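Thanks for making the time, everyone. I'll walk you through one protein chain, and I'll start from the inside. Please have a look at it first.

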Amino acid sequence: MDLSSAVRVLRSQDGVISRAQAFECGLDDNALERLLRRRELARLHPGVYVDHTGMPTWSQRAWGAVLFHSPAALAGPSALRAHGLRSVVDERGWRPSGGDAARPLLLEPIHVVVDASRRVVPPPGVVVTRRTDFDERVQLHLSPPRSDSTRLCSTSPPRAGTRPAPSLCWPMPAKEE
């Protein structure tokens, strides 16, 4: 059994692989069960595996949700976070999306979008939205795939002393070299 192509997929997807992808890499059900028994893989969702047995990161949970519902893309606050946004406003106020303050975000649901024609049952921790314009709104070339969130965002931060609109967000400034 040659795992090199599966390892490449795992590396490109933050340690997450779907059963279908594993099969494309030359693995079969017996090989997957063996990797699960050896604890080299663990089930994240039915048919989706992660390459460790510890707590999955937010990124691994996001990949798992997208792969479980494939074809799918991150949506809403999950897409905004994947785009690298510094902050997201929700009904509870500002929530940082980076650094130590992001730790509670690990427990928040992952939002994904699928085509409106699909009927899916999300696993725990995943919220699914169905859209008729799925093909036009998703960016499947991104890693992980996500919906086009640019329509949700303002291009500048709020002025001092003003309360931002609930959908306001802005990208992190580029790091100075």
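Which residues have the most contacts inside the largest nonpolar core? Keep in mind that this is a predicted model. The core in question has 13 residues. Those with the most contacts inside it are Ala6, Ile17, Ala22, Leu27, Leu32, Leu41 and Tyr49. Two helices each give two or more residues to this core: helix H1, residues 4–12, and H3. H3 supplies the largest share, 4 residues.

Pick out alanine 22 for a moment. Leaving aside its neighbours within four places in sequence, alanine 22 is in contact with Ile17, Leu27 and Leu32. Those three names are also on the list of core residues with the most contacts. There is another core, apart from that one. This other core has 9 residues, among them Ala65, Leu74, Ile110 and Val126. As a general point, nonpolar side chains in soluble globular proteins tend to be buried together.

Now the overall numbers. The protein chain has 177 residues, and 41% of them count as buried. It carries 6 helices and 11 strands. Its accessible surface comes to about 10500 Å². Carbon and sulfur atoms account for 52% of that surface. Next, contacts between residues at least 6 apart in sequence. Of these, 52% join residues at least 24 apart.

On to the sheets. One is an open sheet of 3 strands, with the order E1-E3-E2 and antiparallel pairing. Its edge strands are E1, 16–18, and E2, 42–45, and each pairs on one side only. Neighbouring strands in this sheet are turned by 35 degrees against each other on average, direction ignored. Strand E3 covers residues 48–50, and 3 bridges join it to E2. Along that pairing, arginine 43 stands opposite tyrosine 49 in E3. Tyrosine 49 should sound familiar, since Tyr49 was named in the largest core.

What lies across these strands? Helix H4, residues 58–68, lies across E1, E2 and E3. The helix runs at about 10 degrees to E1.

Stay with E1 and find serine 18, which sits in that strand. Is serine 18 buried or exposed? Serine 18 is buried, because its relative accessible area is 9% and the cut-off for buried is under 20%. Not counting residues up to four places away in sequence, serine 18 touches Gly47, Val48 and Leu67. Val48 falls within E3, and Leu67 within H4.

Let's move further along the chain. Strand E7, residues 110–115, pairs on two sides here. Strand E4, residues 73–74, runs antiparallel to E7, and 2 bridges join them. Leucine 74 has valine 112 in E7 as its bridge partner. Leu74 belongs to the second core I mentioned. Strand E8, residues 126–131, runs parallel to E7, with 6 bridges between them. Here valine 113 is partnered by threonine 129 in E8. In general, strands of a sheet pair through backbone hydrogen bonds, either parallel or antiparallel.

A quick stop at helix H5, residues 76–82, where alanine 79 has its place. Alanine 79 is buried, since its relative accessible area is 0%. From alanine 79 to alanine 62 is 17 residues in sequence and 9.3 Å in space, C-alpha to C-alpha.

Last topic: charges. How many salt bridges does a search of the whole structure find? The search finds 4. One of them joins the side chains of glutamate 33 and arginine 43, at 2.9 Å, N to O. This pair links distant parts of the chain: glutamate 33 is in helix H3, residues 29–37, and arginine 43 is in strand E2, 10 residues apart. Glutamate 33 counts as partly exposed, because its relative accessibility is 35%.

Another salt bridge joins glutamate 40 and arginine 38, at 3.7 Å, N to O. Glutamate 40 is partly exposed at 37%, whereas arginine 38 is exposed at 52%. Then there is aspartate 133 with arginine 131, at 2.7 Å, N to O. Arginine 131 is partly exposed, with a relative accessible area of 31%. In general, side chains of opposite charge can pair when their charged atoms come close.

That's my tour. Over to you.

Conventions:
Residues are numbered from 1 along each chain as its sequence is written. This is a predicted model: local features need pLDDT of at least 70, side-chain atom pairs count only at pLDDT 80 or more; totals for chains, interfaces and linings use all residues. Side-chain values use heavy atoms; hydrogens and water are left out. Two strands pair if DSSP finds at least two bridges between them. Buried means under 20% relative accessible area, exposed over 50%, partly exposed in between (1.4 Å probe, protein chains only). Contact means heavy atoms within 4.5 Å. Accessible areas come from the Shrake-Rupley method with a 1.4 Å probe; for residues, only the protein chains shown count as cover. Axes are lines fitted to C-alpha atoms, for helices over the stretch in contact, and angles run from 0 to 180 degrees between N-to-C directions. A nonpolar core is a set of buried Ala, Val, Leu, Ile, Met, Phe, Trp, Tyr and Cys residues joined through side-chain atoms within 4.5 Å.
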